[in-house]
Amino acid sequence: MAGGWKRYVTRSLAAVAFVTTSALLLCSNGRLRLTYRLFSRPGSHRSDIHGQKHSNTRLLPTNQTVGVDGDEFVRRLIDKSQKTFSPWKYSLACSKYKTGMARYRSLPLMALASFPGSGNTWARYLIEGATGVFTGSVYNDRGLADNGFYGETVSESSGRTLLQKTHGYTLLTEPTPSWSSRRRMVERHGRRAVVLIRNPYEALISLRNFAAGHLGYAADKHFLGETWSSWVTLKANHWRDFYMDWLNMTSLAHVIHFENLRHDPVSEMRRLLRFVGIPENKGRLNCIEKYPEGRFRRTSSGRQIFHHRDVFSAEHRALLDSAIETVRTALESGDHPPLPLARYKYYRPVQSRDGPGTFSGVSNTRRRGTG
């Protein structure tokens, strides 16, 4: 009897030592902390956040992430049997850095939530470059996958991608859906998200340009008339409701403002790395600083109608300014970075001395990350 009890205690202690129940730890400072596989032990199992058991894995204890450099940390996470991508393959200094797929179900679900036209694809390029881990998507865009975003075709619930791109209901042509439906969309990603926010004036123009694809520009007629006006009204409400959902319904959210990302991508990537708990790799950040624009960007000729004419009516402005104020208040109450209103183009613009209908202050130079 005593021998059986000893064996039971020994096995219980072994289970405690070698079984981990979650890939997600929330530190006392409120940041997300991801810890990964350090070594395997035959016969050991863990149950992940998806509620399924997987063998031969053990998560790296949090205290053992201290002193581990970015390269080593990612090497322990990446599945070497999966294909990789080199975002800077033509650079002598940066070609050694690859992006890879995480081990199956080694990462928790977490959205990369943004209104379309907010630079999501560009942000993914920066995130993958900084972390070395693919991001995913709910859309399975073959055009992106064929250009190195290999996580695009991987199931969002596979646990192989760091973040999963979603635009939620904002691509629909109907009004904002019910509260319960919106909550389910947030819960689909574990109520965790990196939230990418862009000035709605520019986001709406960028989204409208998708009529000509990721890199093209829509014809001027798409920015005129009653069709344009009703579309702006619909999308302004979508922009406001979408961000209020992700700010209020998540249990953990990290906000990135597109304008800040464009101004200083390296600093924003450092913030993200601290949030997810991946050690900084200075070499990768140097490559981002050297090649910030990525593979998808629009090159403007300056001839598009919105460069020389204000395409937003007074009614549009009232609605968009109100939406901006609503989201600004939510960010402030949630202790998130504030809206960078000083960098908001089109927002309460100054009319040039040429008179009404001529918009001043819009750059005609090439801007990165608008796709």
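Colleague: Which residues line the second largest cavity?
Modeller: This is a predicted model. A search of the whole structure finds 2 cavities of 30 Å³ or more. The lining of the second largest has 5 nonpolar, 1 polar and 2 charged residues. They are Gly168, Tyr169, Arg182, Met185, Val186, Phe242, Asp245 and Trp246.

Colleague: Which elements give two or more residues to that lining?
Modeller: The lining includes Arg182, Met185 and Val186, and also Phe242, Asp245 and Trp246. The elements giving two or more residues are α5 (179-187) and α7 (225-248).

Colleague: How much space lies in the second largest cavity?
Modeller: The search counts cavities of 30 Å³ or more. The second largest holds about 40 Å³.

Colleague: Are the residues of strand β5 buried or exposed?
Modeller: β5 spans residues 111-114. One side carries Ala111 and Ala113, the other Leu112 and Ser114. Both faces are covered, and all four residues are buried.

Colleague: In β8, what is the bridge partner of Ser114?
Modeller: β5 pairs with β7 (residues 164-166) in the parallel sense over 3 bridges. There, Ala113 stands opposite Thr166. β5 also pairs with β8 (residues 192-197), again parallel, over 4 bridges. In β8, Ser114 is partnered by Leu196.

Colleague: Where is the pLDDT below 50?
Modeller: The chain averages a pLDDT of 79, and 70% of the residues score at least 70. One stretch below 50 has 42 contacts beyond near neighbours in sequence; another has 86. Where pLDDT is low, predicted coordinates should not be read in detail. The stretches are residues 13-31 and residues 35-64.

Conventions: Residues are numbered from 1 along each chain as its sequence is written. This is a predicted model: local features need pLDDT of at least 70, side-chain atom pairs count only at pLDDT 80 or more; totals for chains, interfaces and linings use all residues. Side-chain values use heavy atoms; hydrogens and water are left out. Buried means under 20% relative accessible area, exposed over 50%, partly exposed in between (1.4 Å probe, protein chains only). Two strands pair if DSSP finds at least two bridges between them. pLDDT is the predictor's confidence in each residue, from 0 to 100. Contact means heavy atoms within 4.5 Å. On a 1 Å grid over the protein atoms alone, a cavity is a set of points where a 1.4 Å probe fits but cannot get out, and a pocket is an open set with protein on both sides within 12 Å along at least five of seven lines; lining residues have an atom within 4 Å of a point. Grid points are joined across faces, edges and corners, and a volume is the space filled by probe spheres set on the points. Ala, Val, Leu, Ile, Met, Phe, Trp, Tyr, Cys and Pro count as nonpolar, Asp, Glu, Lys and Arg as charged, and the others, Gly among them, as polar.
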